[in-house]
Amino acid sequence: MTVHLTAAEQIRELVEAERERFGVPGCAVVVVKDGEVVLAEGFGKRDVDADLPVTADTLFPIGSSTKTFTAAVLATLVDEGKLDFDAPVSSYLPGFALQDPIATQLLSVRDCLSHRSGLPRHDLLWYAGDGTLTRDEVIAALPHLPPTQPFRQAWQYNNLLYLTAGHLAGRLVGGTFEDAVRDRVLTPLGMTRTNFSVVETQADDNHAKPYVRNVGERIAKQVAFASLDLAGPAGNINSSVNELVAWLKTLLAESVDGREPLLSPAVLAELRTPAWPVVPLFDEGIARNVGYGLGLVIEEYRGKRIAHHGGNIDGFSSQVLTVPEEGIGVAVLTNLHATFLRDALPYLVLDVLDGVERVDHGATFHARMSALLEAMDNAKKSGAARSKPLGAVRPFTDYVGEYAHPGYGTVTVGGGADRLTFGYHNLPEGRLEHRHLEVFDAVVHVSGDDSRFPAQFTHDLEGDVDGFLVKLEQSLPPLRFERLHSAAHLTDGFLDEVAGSYAFGAVKAVISRRGDKELLAAVAGGSPVTLVPKGGRTFSLDGAPVEFTEDGRLVTPMGDFLRA
């Protein structure tokens, strides 16, 4: 006797089998079709140690699946005539700028939402800056972040410009990005537990814990929650599959609780219209990539147009997908970092709902994920293997100090004779591992693994350490951080002591004060130049070392100037 399983039963079996294949501690899945919920359930554990199950009400961070909410809110503002997708961002945010002057003039909200600014990710700024920077400060840093492509000449994923666009949405409604989404989406849809903070999520009795599993590890390990408050419009929403039912119906232009659809056909058309073609990471053989719309990836799968956006953040992965022409919506929330389970399941669900021959997408995506993780692990190992047997060129203590980049801000190097550390915004304290000469690996432990950034200290013509180069973006040359020299020792007494006139034969030098901590030098009647403190009584004058001695001399490469 043949037993015919319902669609929900088939999906339930698939989810459990694939969850085991991918080694995911827990996940939640919701499927809607033609306005009805086919399945909304939890699978596995939301907390492995406490043996707590995932339910349909378990809260998960959805990561970059937030971007669709951001685009939708901005589209409603366009619908109401409060925003023009194609007007320059600078016309709404005075002072807004990018490093590329053409992009500064022309960059629009549509460019922000479709990743065509020319900027690469520059993700370390928002990831490390959470809790120490404001969104206004991040936007002010944009002119100092170099692009890797000309404006509107390539598609490059960028969270910082989603932050910018969402921040603008908040300004236009007279509040914050969170206010705009809450008032225009969450409250009308009754999504009362959906929130914008992992702190609020952790206060809820039913939330998932984050897990990672690195190459060669059999068991996933729990890691810390990552706060996304700063980069909110790019990925700070937390929700459950029960609450996402209303959002899926909204993306399908369907009624929620008998109300008119929240998003108009014009708004949905804007989101689903490809603004840029996107080349997939893999030769899919599964879905043909069409392009990136506004907060949505557009694909063709078995003759159907689908729209989706996934999310990855420390310990969590998500996918929210719709098939508008068939009234199908699928959301997958998992508590494992960067798992391809979130990608495989929606295609498997579509095959079940359409009653077509099932393709083993799980095997395909699992093989891809394994290959990608192995490649990343090999890349880390090969970096260490390339180190040359060349010793350090100076004592490690020479490197201790602060270094600054106009966009990324300040890095603090600490330590002593045999160990160097570094601190950057809210990142855990990292370490500098010596490779050879003045080259180090800046290593910081995040998401259960070590992230490495090659770094090289530099020195001036006098041999003094004056900065370091660090490769934060693979597609960019290393960025330069200039050494900062403390002016704390420049007391009123010292400044008054050294200020005055000096003479070297007929050549005169005038040293004067400006403000509380600054000295200026005017040599041979020239314009005053700032003296850069280099420690103690030593300064740099246009790159040349000068020193004020205790017996009243000004020692320079030209000779000793005597106090007049």
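**Strand pairing and helix packing in the predicted model**

Strands β9 and β10 (residues 304-313) run antiparallel and are joined by five bridges. The model described here is predicted. Within this pairing, E299 has I306 in β10 as its bridge partner. Two residues separate β9 from β10 in their hairpin, where R302 adopts a positive phi near 50°.

On its other pairing, β9 runs antiparallel to β8, and the two strands are joined by four bridges. Here G291 is matched with I298 of β9 as its bridge partner. β8 and β9 also form a hairpin, with four residues between the strands. In the turn of this hairpin, G295 has a positive phi of about 70°.

Strand β9 (residues 297-301) is largely enclosed by the rest of the structure, because five of its five residues are buried. Both faces of the strand are covered. V297, E299 and Y301 are buried on one side, and I298 and E300 are buried on the other. E299, the bridge partner of I306, and I298, the bridge partner of G291, thus belong to opposite faces of β9.

These strands belong to an open sheet of eight strands with antiparallel pairing, in the order β3-β2-β1-β12-β11-β10-β9-β8. The edges are formed by β3 (52-53) and β8 (288-292), each of which pairs on one side only. At the β3 edge, strand β2 (residues 36-47) pairs with β3 in the antiparallel sense over two bridges. In this region K45 stands opposite P53 of β3.

Helix α1 lies across β1 (26-33) and β2, and runs at about 25° to β2. The same helix, α1 (residues 7-22), also packs with helix α13 (residues 341-354), at an angle of about 155° and with the two axes 10 Å apart. An angle over 145° counts as roughly antiparallel, and α1 and α13 are therefore roughly antiparallel to each other. The crossing of α1 past α13 is right-handed. On the α1 side, the contact is made by A7, Q10, I11, L14, V15, E18, R19 and F22. The α13 side contributes L341, A344, L345, L348, V349, V352 and L353. By class, the residues of this contact comprise twelve nonpolar, one polar and two charged.

A further helix pair is formed by α2 (residues 66-79) and α12 (residues 265-272), whose axes come within 9 Å and cross at roughly 130°. The two helices are therefore oblique to each other. As α2 passes α12, the crossing is right-handed. The residues that meet are A71, A72, A75, T76 and D79 in α2 and A266, V267 and L271 in α12. This contact of α2 with α12 divides into six nonpolar residues, one polar and one charged.

Outside the sheet and these helix pairs, one loop residue was examined. S197 lies in the loop between α8 (177-189) and α9 (198-203). With a relative accessible area of 17%, S197 is buried, since the cut-off for burial is under 20%. Leaving aside residues up to four places away in sequence, S197 touches D229, N236 and N238.

Methods
Residues are numbered from 1 along each chain as its sequence is written. This is a predicted model: local features need pLDDT of at least 70, side-chain atom pairs count only at pLDDT 80 or more; totals for chains, interfaces and linings use all residues. Side-chain values use heavy atoms; hydrogens and water are left out. Axes are lines fitted to C-alpha atoms, for helices over the stretch in contact, and angles run from 0 to 180 degrees between N-to-C directions. Angles under 35 degrees count as roughly parallel, over 145 as roughly antiparallel, 65 to 115 as roughly perpendicular and the rest as oblique. A crossing is left-handed if the near helix is turned anticlockwise from the far one by less than a right angle, and right-handed if clockwise. Contact means heavy atoms within 4.5 Å. Ala, Val, Leu, Ile, Met, Phe, Trp, Tyr, Cys and Pro count as nonpolar, Asp, Glu, Lys and Arg as charged, and the others, Gly among them, as polar. Two strands pair if DSSP finds at least two bridges between them. Buried means under 20% relative accessible area, exposed over 50%, partly exposed in between (1.4 Å probe, protein chains only).
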